[in-house]
Amino acid sequence: MSTRGKYKSKHYDRILEHLKKSPGRHFTVNEIHQELAGEETNIGTTTIYRQLDRMVEEGLINKYVVDINTPACYEYSNVVKLIKQEEAPCYHCRCESCGRLIHLHCEEIAEMRQHFEKYHHFKIDPFRTVFYGTCEECLHKKEM
């Protein structure tokens with residue numbers, strides 16, 4: 001590992017601490033910036049991007065890029081690392097109304113993945129697959 005990877009700053013530690021408080025939650029850089037704003041150590045967005053890139057390289061967090069119109073989001077990956085080691089599928093659902101990204105652990109979809117491999121000779125990456133639709137909250141709002 002390079003010297004750069006070993007050095008940890010107070011910004012690095014603060015951002016990682018913030019992500020660890022909400023495992024399973026996806027954060028954009030702007031959300032992290034807003035949530036850390038007002039603390040005694042103000043962290044700029046450029047620093048946040050740089051520290052998140054380091055954390056992704058180190059395998060501490062996962063980065064999700066859903067599409068070109070949506071900012072990347074980041075998630076503390078302690079849980080995801082365990083899931084990946086066991087090869088359990090972890091798909092995502094993206095609400096087209098509110099933009100929320102939701103983890104989806106579903107064995108039914110895993111069967112579909114196996115079908116794709118066997119009959120279509122195509123291996124789906126369950127950690128990068130996103131289904132688009134409308135979340136339960138937005139469906140309820142539309143019904144009102």
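**Helix packing and residue environments in the predicted model**

With a relative accessibility of 2%, leucine 36 counts as buried, because buried residues are those under 20% relative accessible area. The structure considered here is a predicted model. Leucine 36 belongs to helix H3. When residues up to four places away in sequence are not counted, leucine 36 touches Arg14, Ile15, His18 and Ile43. The pairing with histidine 18 spans 18 residues in sequence, and the two C-alpha atoms are 8.2 Å apart in space.

The setting of these contacts is a protein with 7 helices and 5 strands. Along the sequence, these elements follow the pattern α-α-α-α-β-β-α-β-β-α-β-α. The protein has 144 residues, of which 35% count as buried. Of the contacts between residues at least 6 apart in sequence, 54% join residues at least 24 apart.

Helix H2 (10-20) contributes the buried residues His11, Tyr12, Arg14, Ile15, Leu16, His18 and Leu19. The cover over these buried residues includes H3, H4, strand S1 (61-64) and strand S2 (73-76). The axes of H2 and H3 come within 11 Å and cross at roughly 100°. H2 and H3 are therefore roughly perpendicular to each other, since angles of 65 to 115 degrees fall in that class. On the H2 side, the contact is made by Arg14, Ile15, His18 and Leu19, and on the H3 side by Ile32, Glu35 and Leu36. Sorted by class, the contact of H2 with H3 has 4 nonpolar, 1 polar and 2 charged residues. Leucine 36 thus appears in the contact of H3 with H2, and Arg14, Ile15 and His18 are among the residues that leucine 36 touches.

Helix H3 (residues 29-36) also packs against helix H4 (residues 45-58), at an angle of about 120° and with the axes 10 Å apart. H3 and H4 are therefore oblique to each other. The crossing in which H3 passes H4 is right-handed. Val29, Asn30, Ile32 and His33 of H3 make this contact with Thr45, Ile48, Tyr49 and Leu52 of H4. The class composition of the contact of H3 with H4 is 5 nonpolar, 3 polar and no charged residues. Ile32 takes part in the contact of H3 with H4 and also in that of H3 with H2.

Histidine 26 is placed in the loop between H2 and H3. Its relative accessibility is 10%, so histidine 26 counts as buried. Not counting residues up to four places away in sequence, histidine 26 touches Glu31, Tyr64, Cys73, Tyr74, Glu75, His92, Leu101 and His103. The side chain of histidine 26 reaches the backbone oxygen of leucine 101 at 3.4 Å.

A contrasting environment is found at glutamate 96. This residue is located in the loop between strand S3 (91-95) and strand S4 (101-104). Glutamate 96 has a relative accessible area of 60% and is exposed, because the exposed class lies over 50%. Tyr132 and Gly133 are touched by glutamate 96, with residues up to four places away in sequence not counted. The C-alpha atoms of glutamate 96 and cysteine 135 are separated by 8.2 Å, and these two residues are 39 residues apart along the chain.

Key:
Residues are numbered from 1 along each chain as its sequence is written. This is a predicted model: local features need pLDDT of at least 70, side-chain atom pairs count only at pLDDT 80 or more; totals for chains, interfaces and linings use all residues. Side-chain values use heavy atoms; hydrogens and water are left out. Axes are lines fitted to C-alpha atoms, for helices over the stretch in contact, and angles run from 0 to 180 degrees between N-to-C directions. Helices (H or I, at least four residues) and strands (E, at least two) are DSSP runs, numbered from the N terminus. Angles under 35 degrees count as roughly parallel, over 145 as roughly antiparallel, 65 to 115 as roughly perpendicular and the rest as oblique. A crossing is left-handed if the near helix is turned anticlockwise from the far one by less than a right angle, and right-handed if clockwise. Contact means heavy atoms within 4.5 Å. Ala, Val, Leu, Ile, Met, Phe, Trp, Tyr, Cys and Pro count as nonpolar, Asp, Glu, Lys and Arg as charged, and the others, Gly among them, as polar. Buried means under 20% relative accessible area, exposed over 50%, partly exposed in between (1.4 Å probe, protein chains only). A polar contact is a pair of N or O atoms within 3.5 Å; within protein, one must be able to donate a hydrogen and the other to accept it, and residues adjacent in sequence count only if both atoms are side-chain atoms.
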